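Me: Please take a close look at one part of this model, the last helix and what lies around it. I should like a connected account that I can follow on the structure.

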Amino acid sequence: MKKILMLSPITAYKFGFVFCVLTMFACDSKEEIKRKQYYIDGQALYKTHCANCHQEKGEGLAGLYPPIAGSDFLAKNKELILCSMRNGLMDTIVVNGKSYRQPMPANSQLQALDVAEIATFIYNEWGGEKTITEVKDVQKILATCKNKVE
């Protein structure tokens, strides 16, 4: 006589959820898993350090803070954006034909990894990229841009 394993609905749901999560990442390459992790961590950091001004959906705030979503500035100025995340920005910038003069405060507590994760999030979410902004690249940019922004 065969025994049939009966699962409660909650147990079956938990099993199904775990199975789905495991299979979702099972076929991803190491690089894709890393990109997804940077994206998730970057999203959390963005909400903490950037969303107050640039808003959660990247639309900016009235005429004070520029949008990130749909921004022509994003594609043309990646090094400046990476530098500004940590060191701030005092210059006027033009985004989608509109000038923004509000200074961007420095976030000097952000490490190169934090900047790389935030950049991975914003460029994957609003910049059309599906790649990682590498920490080694951010470190090089931060090392050369520090004096330019101060």
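Reply: The last helix and its surroundings

Ala143 lies in helix H7, which covers residues 135-149. Helices here are DSSP runs of H or I with at least four residues, strands are runs of E with at least two, and both are numbered from the N terminus. The model is predicted, so local features need pLDDT of at least 70 and side-chain atom pairs count only at pLDDT 80 or more, while totals for chains, interfaces and linings use all residues. Residues are numbered from 1 along each chain as its sequence is written, and side-chain values use heavy atoms, with hydrogens and water left out.

The protein chain as a whole has 7 helices and 2 strands, and along the sequence these follow the pattern α-α-α-α-α-β-β-α-α. H7 is thus one of the two helices that come after the strands in this pattern. Of the 150 residues in the chain, 35% are buried, that is, under 20% in relative accessible area (exposed is over 50%, partly exposed lies in between; 1.4 Å probe, protein chains only). Among contacts (heavy atoms within 4.5 Å) between residues at least 6 apart in sequence, 59% join residues at least 24 apart.

Two pairs of positions relate the H7 region to helix H5. Ala143 counts as exposed because its relative accessible area is 64%. Its C-alpha atom is 9.1 Å from that of Cys83, although the two residues are 60 apart in sequence. Cys145 offers a second pair: the C-alpha atoms of Glu79 and Cys145 are separated by 8.5 Å, with their positions 66 residues apart along the chain. Glu79 belongs to H5, which covers residues 78-87. Glu79 too is exposed, at a relative accessible area of 54%.

Other positions of H5 are covered. Ile81, Leu82, Cys83, Ser84, Met85 and Asn87 are buried in this helix, so Cys83, the partner of Ala143 in the distance given above, is buried. H5 is followed by Gly88, which has a positive phi near 80°.

The loop that leads into H7 also reaches H5. Thr133 sits in this loop, between helix H6 and H7, and it is buried because its relative accessible area is 4%. The side chain of Thr133 makes a polar contact with the side chain of Lys78 at 3.1 Å. Such a contact is a pair of N or O atoms within 3.5 Å; within protein, one must be able to donate a hydrogen and the other to accept it, and residues adjacent in sequence count only if both atoms are side-chain atoms. Leaving aside residues up to four places away in sequence, Thr133 touches Tyr38, Lys78, Leu82, Ala116, Ala119, Thr120 and Val138. Among them, Leu82 is one of the buried residues of H5.

For backbone geometry, the loop between helices H3 and H4 deserves a separate inspection. Most residues other than glycine have a negative phi. Gln55, placed in that loop, is not a glycine and yet has a positive phi of about 75°. Ala62 lies in the loop between H3 and H4 as well, and its phi is also positive, near 45°. Ala62 is exposed, with a relative accessible area of 69%.
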